[in-house]
Structure formats: C-alpha cells, structure tokens
There are 2 protein chains.
Amino acid sequence: ASRLPGYASHQVGVAGAVVDESNGKVLVVQDKNKTLNAWKFPGGLSELGENIGATAVREVQEETGVCSEFLSLLSVRQQHDQPGAFGASDLYLICRLRPLTYSIDFCTEECLRCDWLPLAELARTEETTPITSRVARLLLHGLERGWGAVDLPMETLPAVHSGRFYQLYHRGLPLA
Amino acid sequence: ASRLPGYASHQVGVAGAVVDESNGKVLVVQDKNKTLNAWKFPGGLSELGENIGATAVREVQEETGVCSEFLSLLSVRQQHDQPGAFGASDLYLICRLRPLTYSIDFCTEECLRCDWLPLAELARTEETTPITSRVARLLLHGLERGWGAVDLPMETLPAVHSGRFYQLYHRGLPLA
C-alpha cells in the first residue's frame, strides 16, 4: 500500500486459443526467430488502453489471418526478469476465442508455420512449450465437460463515482 | 505481435481476500483518503519481481497487521486511464488468502477502519464497491459449494530453455 503514485511495472501480453468446436482443432503457430520449433498460441503485447480480448483478437488476426471473437479468460501466467522487457515483470493472459473465419494467411515475418491442430495432439506432442501443453489439456477438458469447467467469463462493472467501467473476469456464479 | 522490445505498460495491483472459514468472515478495510466509506479488500501495487501471492500477503500485513498465506487467484480486473497511473492501464488481481493470525492492528495512515465482516453482510451492504460486492458473492459461493467452484490454483512450470520458472493460474484439472 505505497502511497506514491502508481507506475507501470509490468508488460502485459495476451494469447488467443482459437478453438474450432466442430472438429476439436485449435489454431497454433511456430515463431520464426526462436531456436525451438514449438507450437504456441498466437499472441503479443497489449497496446495502451486495449482490452484483453481486443489484444487477443488483433494478435490472432495479425499473425494468422484468422478472424475471431473473444469468449473468456482461461489462464494467467506471471514471470519476472523477462528477457527483452528491460527488467519489467510479465503477465501473460491466455484467452479462449471463437473462430469467425477459418482460412490461414499467416504473417511470414513472424511465423514459420501456422496450422489448425487437434487439441488432443497438441496436449500430447513434445513440439510445444509446457504452458501450451497444459492449456491444451485445459481446453480438451472444457471441450469434453463443457466450457463452464474452465472459463472465466468477462463482465463489465461500474467503478465507484468516476463514471468509468471495469472489465472483471471470474468464475461464473449462479443467478442471484 | 510487435517485434519491438517489450515495455512496461501496466501497473499491477493485488488485493487479498482473507477468509476465516471457521465463521465465514472476511477481512476488509475502509481507505482513509477516499470520499466514500466503502469496505474493500486490503491490497496495493506489486513491487518489481514480486509474485502475485507475495504482494497480497505483504499488503494485507501492512494495512491490517494480519498474517496470511496465499491460496488461489479469484478474479482479474482491467481498467484503463487509471487516475494517478500516468496513463498506464491497470490490472488488479484478487486472491484468496488463509489467515494465520486474527488480531487486527491496522495502519492508521492508510485506513479509517478495519474489521472482520461476515461474507453474507459484505455481499449485501451498500457500503462497498460493486467489485468487492461481487467478489463477496463469489466467496460465499465457494464457502457453500467448495472452493473448487471459484479458485484458480497456482502451479509453477518451467520455461523452455531459459531455466526460469513461470507461475501459472488456471482452473483445476483432473489428474492425468
């Protein structure tokens, strides 16, 4: 509870897991400039003033050409001393998105490969990162048991006095 | 997917909801320097390199004198153009904590009042913020139905190659 004014200490990144429920596939990319060819969810840094869902939709579109819409927050990752972040800590939010288009036109500057991969395969393969693998398992669980088991839906709530609005993410509640 | 180096664009705050399960009460404070005497969870800005749970425990101790331990992440709030944040966006993470001590010795520089309030009362009173009220309902639901209904547990996973570790928060998964 420092009473000094706030300062920006974190970079915030957002990844989008675009799941095609008709076939259980998810949209993944391999970064061009990394040593390991690991499948990951497309994503990147949030711009100033941009909502989490908007970042995910924008990054997915820029990297893969696929249009999508935001559904829920799935996971939060924190890491410190992120390389390239000038000492800032790093929060990475992983969202679930619904595809609106399906054909891939990926950004060749950023990506080496881009594909729709079966979730079961992504959960099993060694060609991915531990976090992507874990989120693939989470998504498989949601696909099988219903998304209510894994989702944090978003709601907009008013701030006190200021006339501003918050986006709040938490587990669904029974109707009051 | 900007390929420029990252920069810190967000301040990250953490609030701690310390729930005494023996009586269904939660630790709340009223800020000294705000116009409205609204009950809120103690909390404040994350320091550089500090884990979410560590921030919550530290802020609760500084504001209320109560010692606690981190249990889970409950909710994520995003707001833009936060007053006092110099244009930075604001992410606020609300955690669930277990009390280790119970007697209150609150910081009179920051707080006007501090008390253990029944969750049912906090969920009902007008003397609070919309978000505190919502999280009180979420906590009541967890108290009644089991914490698995509302919690995002934390796990530590290795990063690829770097030897670093991430903290990852998501809904519990059945054992593999």
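This talk goes through a predicted model with chains A and B, from confidence and overall make-up to strands, a helix, cores and salt bridges.

Let me start with how far the prediction can be trusted. The model scores ipTM 0.88 and pTM 0.90, and chain A averages a pLDDT of 89, with 89% of its residues scoring at least 70. Within chain A, confidence is highest in helix α2, residues 119-124, at a mean of 97, and lowest in strand β8, residues 154-158, at 90. Residues 1-5 of chain A have a pLDDT below 50, although this stretch has 13 contacts in the model beyond near neighbours in sequence. Where pLDDT is low, the predicted coordinates should not be read in detail.

Turning to the make-up of chain A, we find 3 helices and 9 strands, and along the sequence they follow the pattern β-β-β-β-α-β-β-β-α-α-β-β. Of the 176 residues in chain A, 53% are buried. Among the contacts in chain A with a separation of 6 or more, 62% are between residues 24 or more positions apart.

For the strands I will move to chain B and take strand β2, residues 25-31, as the example. Strand β2(B) is mostly covered, with 6 of its 7 residues buried. Which strands pair with it? Strand β1, residues 10-20 of chain B, runs antiparallel to β2(B) and is joined to it by 2 bridges, with D20(B) standing opposite K25(B). The hairpin of β1(B) and β2(B) has 4 residues between the strands, and in it G24(B) takes a positive phi near 70°. Strand β7, residues 111-118 of chain B, is also antiparallel to β2(B), this time with 7 bridges, and here V29(B) stands opposite C114(B). Finally, strand β3, residues 39-40 of chain B, joins β2(B) through 2 bridges, again antiparallel, and K40(B) is the bridge partner of V29(B) in β3(B).

K40(B) also appears in a side-chain pairing, since its side chain meets that of D31(B) in a salt bridge, at 3.1 Å from N to O. Of these two partners, D31(B) counts as buried at 17% relative accessibility, while K40(B) is partly exposed at 26%.

Staying with chain B, I would like to look at helix α3, residues 130-145. Its 16 residues reach 23 Å from the first C-alpha to the last, close to the 22 Å expected at 1.5 Å a residue. The buried residues of α3(B) include I131(B), R134(B), V135(B), L138(B), L139(B) and G142(B). After the helix comes G146(B), with a positive phi near 100°.

What does the nonpolar packing look like? The largest nonpolar core has 40 residues, and those touching the most other members are L73(A), V76(A), L91(A), L73(B), V76(B) and L91(B). Leaving aside its neighbours within four places in sequence, L73(A) is in contact with residues including L93(A), I94(A), V150(A), Y169(A) and, in the other lettered chain, V76(B). A second, separate core of 27 residues includes V28(B), L122(B), A123(B) and I131(B). Of these members, I131(B) is also one of the buried residues of α3(B).

I will close with the other salt bridges. Side chains of opposite charge can pair when their charged atoms come close. The count over all chains comes to 18 salt bridges. In one of them, R98(A) and E69(A) meet at 2.6 Å from N to O. Because R98(A) lies in strand β6, residues 89-99, and E69(A) in strand β5, residues 68-79, this pair ties together parts of chain A that are 29 residues apart in sequence. Both partners are partly exposed, R98(A) with a relative accessible area of 37% and E69(A) at 32%.

In chain B, R58(B) forms a salt bridge with E47(B), their closest N and O atoms being 3.8 Å apart. This pair links distant parts of the chain, with R58(B) in helix α1, residues 52-64, and E47(B) in the loop between β4 and α1, 11 residues apart. R58(B) counts as buried at 17% relative accessibility, whereas E47(B) is partly exposed at 40%. In chain A, salt bridges that share partners join E47(A), E50(A), R58(A), E59(A) and E62(A) into one network.

How values were computed
Residues numbered from 1 in each chain as written. Chains lettered and ligands numbered in written order. Predicted model: local features only at pLDDT ≥ 70, side-chain atom pairs only at ≥ 80, totals over all residues. Heavy atoms only, no water. Salt bridge = Lys/Arg side-chain N within 4 Å of Asp/Glu carboxyl O. Buried < 20%, exposed > 50% of the residue type's maximum accessible area, 1.4 Å probe, protein only. Expected span 1.5 Å × (residues − 1). Pairing = 2+ DSSP bridges. pLDDT = per-residue confidence, 0-100. Contact = heavy atoms within 4.5 Å. Core = buried A, V, L, I, M, F, W, Y, C linked by side-chain atoms within 4.5 Å.
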